[in-house]
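This report describes the salt bridges, helices and strands of the chain shown below. It begins with one charged pair and then widens to the elements around it.

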Amino acid sequence: RQSTMIIIGRVKAGINTKDVNLNTLFQQFGGGGHAKAASATVRLGDESDAGDILEGIVAEMIDTSLVKQPTVGDFMTSPVLSAKPTMTEKHVEDLFIRYDVRSLPVVDDDNNVIGLVTYKEVAAAKQRLWNKEQKRIRQEAKLAADIAAGKNVTKHHDKNIAMQRQRNQGSALKGWMLQHVEVVEASKTMAEVEALLLDADVGCIPVVADGTMQLVGMVTRTDLLRQHQYYDGLHYKNKG
């Protein structure tokens, strides 16, 4: 049944809660008052709605008032290693192995983020490169067999194999990196980047300077776990 609920909020004297503003918190219900003391009258469609409303108020107060959330710039990995779009599969793999990383932002000459490469893209690119190399080997074996059999081998055939050998040296990262990737500005809160990581279902996001695409760092799921302090063993270690 319909009813009315009166909510009264007061900050206990002597408690250091300088970020709490009950007036702002209660304005969404048409109430108000002072930063440390406020009230609101809420019309309920059903009495059972009261609990959900109160839980929502408490959750909002914790998220926005009691705990001042760190920004992405406070806990991101920085400085961060990056890759160039002209690098080949071997160059990128060498970076992954040398610095023990699983993903790298890709930047242009002005340090603007233009893509992302992970171990999955590297593995797929290496597989394509291997397939091309096997094709070249088969072609050269067939050419050698044709020559041995006294068949007429055209220069065009030789040229194709030479071109294939050149292509098998590797392809530029810009052709197989992840493009149109999500980025997050350094001023965003931990809650905002956490939601972004979950919504996009990714393990890391490049961090850019506010209002630009300039790379300033990387934030990963591990960085968020460190902030939540879920696991004591997740000590900070910046390989960049």
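In this predicted model, aspartate 94 and lysine 90 both belong to helix H4 (residues 89–99), where they are four residues apart, about one turn of the helix. An α-helix has 3.6 residues a turn, so residues three or four places apart point the same way. Aspartate 94 and lysine 90 form a salt bridge whose closest N and O atoms are 3.2 Å apart. Aspartate 94 counts as partly exposed because its relative accessibility is 30%, whereas lysine 90, with a relative accessible area of 55%, is exposed.

**Salt bridges**

The whole structure contains four salt bridges. Three of them are described here, including the pair above. The table gives the N to O distance for each.

| Acidic residue | Basic residue | Closest N to O distance |
|---|---|---|
| Aspartate 94 | Lysine 90 | 3.2 Å |
| Glutamate 93 | Lysine 126 | 2.6 Å |
| Aspartate 201 | Arginine 221 | 3.4 Å |

Helix H4 also contributes glutamate 93, which forms a salt bridge with lysine 126. This pair links distant parts of the chain, since glutamate 93 is in H4 and lysine 126 is in helix H5 (residues 119–148), 33 residues apart. Glutamate 93 has a relative accessibility of 22% and therefore counts as partly exposed; lysine 126, at 38%, is likewise classed as partly exposed.

The side chains of arginine 221 and aspartate 201 also meet in a salt bridge. Arginine 221 lies in helix H8 (residues 221–228), while aspartate 201 is in the loop between helix H7 (190–200) and strand E7 (204–208), so the pair ties together parts that are 20 residues apart in sequence. Arginine 221 is partly exposed at 41% relative accessibility, and aspartate 201 is exposed at 60% relative accessible area.

**Helices H4 and H5**

In H4 the buried residues are Glu89, Val92, Leu95 and Phe96. Viewed down the axis of H4, these buried residues fall within an arc of 130°, so they line one face of the helix. Lys90, Ile97 and Arg98 are exposed on the other side of H4. The cover over the buried residues of H4 includes strand E4 (103–107), E5 and H5. Aspartate 100 follows H4 and has a positive phi, near 55°.

The 30 residues of H5 should span 44 Å at 1.5 Å a residue, and the end C-alpha atoms of H5 are 43 Å apart, which agrees. Buried residues in H5 are Glu121, Val122, Ala125, Arg136, Leu143 and Asp146. Just after H5, glycine 150 adopts a positive phi of about 80°.

**Strands E1, E2 and E3**

Side chains alternate along strand E3 (residues 37–44): Ala38, Ala40, Val42 and Leu44 point to one face and are buried, whereas Ala37, Ser39, Thr41 and Arg43 point to the other and are not. Strand E1 (residues 3–10) runs antiparallel to E3 and is joined to E3 by eight bridges. Isoleucine 7 stands opposite alanine 40 in E3. Strand E2 (residues 32–33) pairs with E3 in the antiparallel sense over two bridges, and glycine 33 stands opposite alanine 38 in E3. E2 and E3 form a hairpin, with three residues between them.

**Confidence**

The chain has a mean pLDDT of 83, with 83% of its residues reaching 70 or more. Among the elements of the chain, strand E5 (residues 113–118) has the highest mean pLDDT, 96, and helix H6 (residues 155–167) the lowest, 56.

Terms used: Residues numbered from 1 in each chain as written. Heavy atoms only, no water. pLDDT = per-residue confidence, 0-100. Buried < 20%, exposed > 50% of the residue type's maximum accessible area, 1.4 Å probe, protein only. Expected span 1.5 Å × (residues − 1). Arc of directions from axis to C-beta. Contact = heavy atoms within 4.5 Å. Pairing = 2+ DSSP bridges.
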